[in-house]
Every structure is written in C-alpha cells, then in structure tokens.
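The following exercises are intended for work with a sequence and a three-dimensional model side by side. Each task is followed by a solution that proceeds step by step.

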Amino acid sequence: MPALSPTMTMGNIGEWQKKVGDAITPGDVLVEIETDKAQMDFECQEEGYLAKILADAGSKEVNVSRPIAILVEDKDDVEKFADFTAADAGSSSAPAKVEEAPKAEAAPKAEAPKKEEAPKDTTNATPSRSDAERIFASPIAKKIANEKNVSLGDIKGTGPSGRIVKADVESYTPAPKAAPAPATKAAPAAAAPSGAAYTDIPLTNMRKIIAQRLSESKQSIPHYYVTVEMEMDKVMKLREVLNKASEDKYKLSVNDFIVKASALALKDVPEANSSWMNDSIR
C-alpha cells in the first residue's frame with residue numbers, strides 16, 4: 001500500500017484495473033486507492049506481470065506499506081504465487097516461499113530475448129479481450145456515470161490509451177437509455193419510506209478525517225460564537241392570539257415556534273437532518 005499523501009497512514013482499496021496474469025508497463029493504473037484526502041489512481045512504475053492480488057477490491061483501512069499485490073518479471077512465475085496469501089507475505093515463513101521469486105527474476109535479466117517475447121504476446125491479446133472486459137475510466141468519470149445511470153461501456157474515451165475522462169461522460173447523450181434513467185433515480189427515494197425511516201451512508205476515509213479534525217478543533221482550539229438579533233413582533237402577536245384562543249388548554253412559548261420552524265426546515269433540507277453514528281452518517 002503506497003502513501004499517496006503526506007498524512008496518509010491507511011487507505012481503502014477500490015477497483016483493480018488489472019487482473020492476475022496481466023502485463024504491466026510503467027504508467028499503467030494498477031488500482032484505485034481511497035486516501036484520507038481523495039480517491040486516486042495508483043500508477044505502477046515498474047514493468048512486469050501481476051501475479052497475485054493480496055487485498056481485494058473493497059478492503060478497508062489497509063495500512064501503508066502492507067503488501068497488496070505481487071509483481072513478477074517473468075509471466076511463467078505467475079502460477080507460482082497462486083496459493084500465496086497476505087499472511088505468507090508477513091510471516092516468518094515468507095522468505096522460504098519468496099526465495100523462488102528472485103531466481104525467476106534473475107532469469108529474464110540474463111535472457112533478454114525471453115523478456116522481449118512476453119510483451120509481444122500480451123499486446124496481441126490486450127486490445128481485444130482485456131479492454132473489452134475492463135473499462136478504463138477515472139474515478140470522477142465513474143461517479144458521474146453512476147449518477148446519470150450511464151453505462152461506461154457505451155462511452156468512447158478520449159483520454160490516454162482510450163481512458164474515459166470526466167468530459168466524455170458529461171458530453172455523452174444516450175439515446176435508448178435516456179428513459180430508464182429517471183426511473184432508476186426515483187427508485188431510492190420511493191424505497192426509503194417503505195423500509196426504515198432513515199438511511200445510513202457509509203463513511204469514506206475523507207469524511208472520517210474531517211470528523212476527526214473537527215472534533216480536535218472543537219476541543220483544543222479557542223473559538224467564538226456569532227449571534228444574530230431577529231425581529232419577532234409578528235410571531236409574538238400570533239402567539240398572543242393563539243394563546244387567547246386556547247381557553248387555557250395550552251400555552252405556546254416562543255421556543256415552540258422555533259422548534260416548529262426547525263422541523264419544517266429539516267423536511268425541506270433533509271441533508272441537514274443528519275446524525276454522526278461513528279461508522280456511518282444517518
């Protein structure tokens with residue numbers, strides 16, 4: 001797990017852009033990683049083949065420097081790591097198993113022709129199958145596509161190596177799939193009342209860090225409060241009229257009007273009606 005920001009101590013594993021056996025060249029996006037600041041692509045700086053994925057997509061809070069994948073120089077060495085696990089990488093028995101890797105790496109260095117032949121085979125296979133199975137797109141492009149309910153497979157990328165970027169998704173106008181989009185968007189809103197009266201939103205690393213920093217600032221940094229004076233003449237007159245009409249059955253206070261106004265405001269702006277649940281936002 002690389003440290004992609006100065007304050008990053010752990011990260012979440014997003015979608016792997018390469019699968020076991022795929023050839024990797026410098027600059028290829030290996031995996032998406034969510035840091036404490038943002039979600040970004042991790043570009044591999046070495047040439048070789050992906051032999052084993054040790055941290056599956058969706059893994060949470062993976063510490064920096066923890067092994068997440070194994071790369072080899074020779075494609076024939078990929079099978080040697082089929083049963084290799086993350087525990088093997090961190091256990092005392094790891095050197096015995098990893099001893100095979102240096103031997104396999106030494107061979108391609110001495111035999112230049114073999115190293116050149118391997119990429120030729122992969123380049124012939126990559127354009128047809130690999131690109132069809134894996135869609136290369138930036139994280140922001142995927143997010144916008146999900147919001148618009150647009151399939152990335154229908155979009156032609158204009159980025160490097162055909163990568164789909166933000167502008168490609170925003171400029172794409174689907175013809176047959178335009179009608180289903182509103183229906184799928186409306187589904188979550190309609191489904192919410194039938195189930196629970198609330199929705200829990202999983203926390204990203206960024207939101208966790210923001211919450212941590214806000215708590216620290218509240219506790220350790222001096223702060224001040226800003227107040228505003230409001231004219232409540234009309235509310236006071238309304239309160240007087242309603243209390244007279246109650247015939248002493250009830251008595252409304254100014255606080256009752258404030259609570260009522262707050263409740264109406266929260267219905268108009270549901271995002272403000274949120275609670276911190278430590279592992280999610282409700």
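The exercises below concern strands, salt bridges, aromatic contacts and one helix in a predicted model.

**Exercise 1. The open sheet**

Determine the strand order of the open sheet of four strands, and identify its edge strands.

Solution. Step 1: the order of the strands across this sheet is 4-3-1-6, and their pairing is antiparallel. Step 2: an edge strand pairs on one side only, a condition met by strand 4 (39–43) and by strand 6 (62–63). Step 3: to follow the pairing at strand 6, note that two bridges connect this strand to strand 1 (residues 10–16), the two running antiparallel. Step 4: within strand 6, Val-62 is the bridge partner of Gly-11.

**Exercise 2. The partners of strand 5**

Which residues stand opposite Leu-50 and Lys-52 in strand 7? Describe also the pairing and burial of strand 5.

Solution. Step 1: strand 5 (residues 48–53) is paired with strand 7 in the antiparallel sense, through four bridges. Step 2: the residue of strand 7 opposite Leu-50 is Leu-71, and the residue opposite Lys-52 is Ile-70. Step 3: strand 5 also pairs with strand 2, again in the antiparallel sense, over two bridges; here Gly-48 of strand 5 is the bridge partner of Ile-24. Step 4: five of the six residues of strand 5 are buried, and the strand is thus mostly covered. Step 5: strand 7 (residues 69–72) has two faces, the covered one carrying Ile-70 and Val-72 and the uncovered one carrying Ala-69 and Leu-71.

**Exercise 3. A buried salt bridge**

Which parts of the chain does the salt bridge between Lys-142 and Glu-32 tie together? Are its two members buried or exposed?

Solution. Step 1: side chains of opposite charge can pair when their charged atoms come close. Step 2: in the salt bridge of Lys-142 with Glu-32, the N to O distance is 2.7 Å. Step 3: because Lys-142 belongs to helix 5 (residues 139–148) and Glu-32 to strand 3 (residues 29–34), the pair ties together parts that are 110 residues apart in sequence. Step 4: residues under 20% relative accessible area count as buried. Lys-142, at 11% relative accessibility, is therefore buried, and Glu-32, at 4%, is buried as well. Step 5: the two residues belong to a network of salt bridges that also includes Glu-15.

**Exercise 4. Salt bridges within helices**

Compare the salt bridge of Glu-216 and Arg-213 with that of Glu-240 and Lys-244, giving the separation in sequence and the accessibility of each residue.

Solution. Step 1: a search of the whole structure finds eight salt bridges, including these two. Step 2: the side chains of Glu-216 and Arg-213 meet at 4.0 Å, N to O. These residues are about one helical turn apart because three residues separate their positions in helix 8 (residues 205–220). Step 3: both are partly exposed, Glu-216 with a relative accessible area of 36% and Arg-213 at 40% relative accessibility. Step 4: the closest N and O atoms of Glu-240 and Lys-244 are 3.4 Å apart. Glu-240 and Lys-244 are four residues apart in helix 9 (residues 233–245), so about one helical turn lies between them. Step 5: Glu-240 is partly exposed at 43%, whereas Lys-244 is exposed at 64%.

**Exercise 5. The length of helix 9**

Why does the span of helix 9 agree with expectation?

Solution. Step 1: the helix has 13 residues, and the expected span is 1.5 Å times one less than that number. Step 2: this calculation gives 18 Å, and the end C-alpha atoms of helix 9 are 19 Å apart, so the two values agree. Step 3: after the helix comes Glu-247, which has a positive phi, near 55°.

**Exercise 6. Rings and a buried aspartate**

Describe the geometry of the aromatic pair, the charge over Tyr-198, and the surroundings of Asp-22.

Solution. Step 1: the structure holds one aromatic pair. Phe-81 and Phe-84 form this pair edge-to-face, with 5.6 Å centre to centre and 75° between the planes. Step 2: both Phe-81 and Phe-84 are buried. Step 3: over the ring of Tyr-198 sits the charged end of Arg-282, 3.8 Å from the ring centre. Step 4: Asp-22 lies in the loop between strand 1 and strand 2 (23–24) and is buried, at 10% relative accessibility. Step 5: a polar atom of the Asp-22 side chain lies 3.0 Å from the backbone nitrogen of Lys-19.

Terms used. Residues are numbered from 1 along each chain as its sequence is written. This is a predicted model: local features need pLDDT of at least 70, side-chain atom pairs count only at pLDDT 80 or more; totals for chains, interfaces and linings use all residues. Side-chain values use heavy atoms; hydrogens and water are left out. Two strands pair if DSSP finds at least two bridges between them. Buried means under 20% relative accessible area, exposed over 50%, partly exposed in between (1.4 Å probe, protein chains only). A polar contact is a pair of N or O atoms within 3.5 Å; within protein, one must be able to donate a hydrogen and the other to accept it, and residues adjacent in sequence count only if both atoms are side-chain atoms. Rings of Phe, Tyr and Trp (its six-membered ring) pair if their centres lie within 6.5 Å; planes under 30 degrees apart count as stacked, over 60 as edge-to-face and the rest as tilted. A charge sits over a ring if NZ of Lys or CZ of Arg is within 6 Å of the ring centre and within 35 degrees of the ring normal.
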